[in-house]
Amino acid sequence: MIKHLPLAALGTLLDIVNDIWTSGNFPASWHQANVIPLLKAGKTPTDPSSYHPVALTSCMCKIMERMVNSRLVWYLEKNKMISSAQCGFRNRRSTTNQLVHLESFVREAFIQKQHATAIFLDLEKAYDTTWKYGIIKDLHEAGLRGRLPLFIAGFLRDRSSE
């Protein structure tokens, strides 16, 4: 719907986004998420652990999130602050890259009659246990100053769900 707005309305939305960016004042609704439990495939509906929560938030908030994330990723990529081994959540990379790397590693060990060892970690509920202050500290240590870390700090502050 937003993509199909007339240019005047898009200009108004841009003014609002820019005002939020410069002032750091978020609409209260952007801090609120409506959580909907979705049943995982093949799971028992009577078991609460069979559901994964989906947080529904403001579409305008999501658009601004994408804009800020794009700036952050650009900065981190430009300054080579992301490990080349990191494939998840990066452009032109995916978990498939890691699978190909693992397969090559195993094949090479097999050819050389050596052992190959791999350790896999599943960080369940990683987002739920993320230390918000640590994120801001990491951004500061990465040399980020100005509006971007202030926006992220404001975005993370006072989050709630129903």
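## Salt bridges

The structure holds 3 salt bridges. The model is a predicted one. Side chains of opposite charge can pair when their charged atoms come close.

## A link between distant parts of the chain

One salt bridge joins the side chains of Arg90 and Glu77, with an N to O distance of 2.8 Å. This pair connects distant parts of the chain: Arg90 lies in the loop between helix H2 (59-78) and helix H3 (95-111), while Glu77 belongs to helix H2, and the two are 13 residues apart.

Arg90 has a relative accessible area of 9% and is therefore buried, since buried means under 20%. Glu77, at 31% relative accessibility, is partly exposed.

## Pairs within a helix

In helix H3, Arg107 and Glu103 stand 4 residues apart, about one turn of the helix. Their side chains form a salt bridge of 2.9 Å, N to O. Arg107 is exposed at a relative accessible area of 52%, whereas Glu103 is partly exposed at 39%.

Helix H4 (residues 132-141) contains both Lys137 and Glu141, which are 4 residues apart, about one turn of the helix. A salt bridge brings their side chains together at 2.9 Å, N to O. Lys137 is partly exposed, with a relative accessible area of 35%; Glu141 is exposed, with 54%.

## A nonpolar surface patch

On the surface, Ile36, Leu38 and Leu56 make up a nonpolar patch whose accessible area together is about 240 Å². Leu38, one of these residues, is located in strand E1 (residues 32-39). Its relative accessible area of 39% makes Leu38 partly exposed.

Notes
Residues are numbered from 1 along each chain as its sequence is written. This is a predicted model: local features need pLDDT of at least 70, side-chain atom pairs count only at pLDDT 80 or more; totals for chains, interfaces and linings use all residues. Side-chain values use heavy atoms; hydrogens and water are left out. Patches are made of residues with over 30% relative accessible area and no salt bridge: like charges are joined within 9 Å, nonpolar side chains (Val, Leu, Ile, Met, Phe, Trp, Tyr) within 5 Å. Accessible areas come from the Shrake-Rupley method with a 1.4 Å probe; for residues, only the protein chains shown count as cover. A salt bridge is a side-chain nitrogen of Lys or Arg within 4 Å of a carboxyl oxygen of Asp or Glu. Buried means under 20% relative accessible area, exposed over 50%, partly exposed in between (1.4 Å probe, protein chains only).
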